[in-house]
Amino acid sequence: MNADFLRAIIQLLRPKQWVKNAFVLAPFLFVGDFAHIDVFFNAILACGLFCLASSMVYVLNDWHDIERDKLHPKKSKTRPLASGALNKKHALFVLCVLSVLLAWGYVFLPQMFVAVGLYLALNGAYSLYLKHQPVWDIFTVALGFVLRVWAGALALNVVLSDWMFITTLCLALFLVSVKRRQELKEQGSQSRAILEKYSLPLIDRYAEMSATGALLFYSLFVLSQKPNLALSIPLVLFGLFRYWYVMEIKNLGESPTDALFSDWQLPFVVLLWVIFCAFQLLGN
């Protein structure tokens, strides 16, 4: 196995995108039970298993879109199947390995696999149909983030609160809307056929509405349920402002992952928010 082949396998799994699976850890942060090693282990394992599930989705998407990706100026070079670095037999082998590892995880956390199963089914429907339907495509991707948070709650045997559900949904809708906006602005409908059915002003309104909802519901949750986290609200507000600035003005990428790895202030404010919340919730 040479270095180029190994690099192509890693590229197929898209480990850079695993940062999205940090949403699985949100319930662990707000439960505040940091002293019990089994709770910590379950949270980390749940996050790892979702990394496996999301990689399965990426492999299947690349397989399904291989012909379209070959015509794309960027994806034809960066996607291993479209570029010819790997073939379908390699992708099938990777899928089998991921499936075995995911099945092994079921032994330890069977309760979270309702969310994992729904995530895989939702993404299957997205690849085959929903990504061609306006509005549905945005909500489908956003629901993937909600399922991550729900999986984290199931792994810890806690109930996903209504506050966390609606805040996560609004935040995810904001992230997806801004991503679609940047794709439409930079490449038009060349990157996604569905973008022909959107306009920049429309997606701007989607992003503004969802960002406002995320901030509003998070603030209401904090002020009514966790008043000791009130000082975290300005951090969330700064994060939203900075993310939009990075995407639109600095133009450092088309996705939350690109933005996070391209601008040091974004991961810094996220880390600061996590540390502040953990310190305030410790022992509560």
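Reader: Which residue forms a salt bridge with Arg7?
Author: This is a predicted model, so keep in mind that we're reading a prediction. In it, the closest N and O atoms of the pair are 2.7 Å apart, inside the 4 Å cut-off for a salt bridge. The partner of Arg7 is Asp4.

Reader: In which helix do Arg7 and Asp4 both lie?
Author: Count along the chain and you'll find the two residues 3 apart, about one turn of the helix. Arg7 and Asp4 both sit in residues 3-13, and that stretch is helix α1.

Reader: Does Asp4 count as buried or exposed?
Author: The cut-off for exposed is over 50% relative accessible area. Asp4 has a relative accessibility of 54%, so Asp4 counts as exposed.

Reader: And Arg14, which residue does Arg14 form a salt bridge with?
Author: Here's the general idea: side chains of opposite charge can pair when their charged atoms come close. For Arg14, the closest N and O atoms of the pair are 2.4 Å apart. The partner of Arg14 is Asp62.

Reader: How many residues apart are Arg14 and Asp62?
Author: This pair links distant parts of the chain. Arg14 is in the loop between α1 and α2 (26-31), while Asp62 is in helix α3. Along the sequence, the gap is 48 residues.

Reader: Why does Arg14 count as buried?
Author: To be buried, a residue must have under 20% relative accessible area. Arg14 makes the cut, and its partner Asp62 is buried too. Arg14 counts as buried because its relative accessible area is 19%.

Reader: What is the phi of Arg14 near?
Author: Arg14 lies in the loop between α1 and α2. Its phi is positive, and the residue is not a glycine. The value is near 50 degrees.

Reader: And what is the phi of Asn157 near?
Author: Asn157 is in a loop as well, the one between α9 and α10. Unlike buried Arg14, Asn157 is exposed, with a relative accessible area of 63%. Its phi is positive too, in a residue other than glycine, and is near 60 degrees.

Reader: Which residue pairs with Asp263 in a salt bridge?
Author: The closest N and O atoms in this bridge are 2.6 Å apart. Asp263 lies in the loop between α13 (256-262) and α14 (265-281) and its partner in helix α12, so the pair ties together parts that are 21 residues apart in sequence. Both residues are buried. The partner of Asp263 is Arg242.

Reader: How many salt bridges does the count come to?
Author: Some of the charged residues are linked in a network of salt bridges: Asp137, Lys179, Arg180, Glu183 and Arg192. The pairs above, such as Arg7 with Asp4, are salt bridges as well. The count comes to 12.

Reader: Which helices do the buried residues of α12 pack against?
Author: Helix α12 has 17 residues and reaches 25 Å from its first C-alpha to its last, close to the 24 Å expected. Its buried residues include Leu240, Arg242, Tyr243 and Trp244. They pack against α10 (162-187), α11 (200-225), α13 and α14.

Reader: Which helix gives the most to the largest nonpolar core?
Author: This core has 43 residues, and those with the most contacts inside it are Phe30, Phe174 and Tyr243. Six helices each supply at least two residues: α2, α9 (136-155), α10, α11, α12 and α14. With 9 residues, the one that gives the most is α10.

Reader: Which residues does Ser210 touch, not counting residues up to four places away in sequence?
Author: Ser210 is found in helix α11. At 6% relative accessibility, Ser210 counts as buried. Leaving out sequence neighbors up to four places away, Ser210 touches Cys170, Leu173, Phe174 and Ser177.

Reader: From which helix does the largest share of the nonpolar patch come?
Author: The patch on the surface is formed by Phe41, Trp104, Val107 and Phe108, with about 450 Å² of accessible area together. Phe41 lies in helix α3 (residues 37-64) and is partly exposed, with a relative accessible area of 45%. The largest share, 3 residues, comes from helix α7.

How values were computed:
Residues are numbered from 1 along each chain as its sequence is written. This is a predicted model: local features need pLDDT of at least 70, side-chain atom pairs count only at pLDDT 80 or more; totals for chains, interfaces and linings use all residues. Side-chain values use heavy atoms; hydrogens and water are left out. Patches are made of residues with over 30% relative accessible area and no salt bridge: like charges are joined within 9 Å, nonpolar side chains (Val, Leu, Ile, Met, Phe, Trp, Tyr) within 5 Å. Accessible areas come from the Shrake-Rupley method with a 1.4 Å probe; for residues, only the protein chains shown count as cover. A salt bridge is a side-chain nitrogen of Lys or Arg within 4 Å of a carboxyl oxygen of Asp or Glu. Helices (H or I, at least four residues) and strands (E, at least two) are DSSP runs, numbered from the N terminus. Buried means under 20% relative accessible area, exposed over 50%, partly exposed in between (1.4 Å probe, protein chains only). The expected span of a helix is 1.5 Å times one less than its number of residues. Contact means heavy atoms within 4.5 Å. A nonpolar core is a set of buried Ala, Val, Leu, Ile, Met, Phe, Trp, Tyr and Cys residues joined through side-chain atoms within 4.5 Å.
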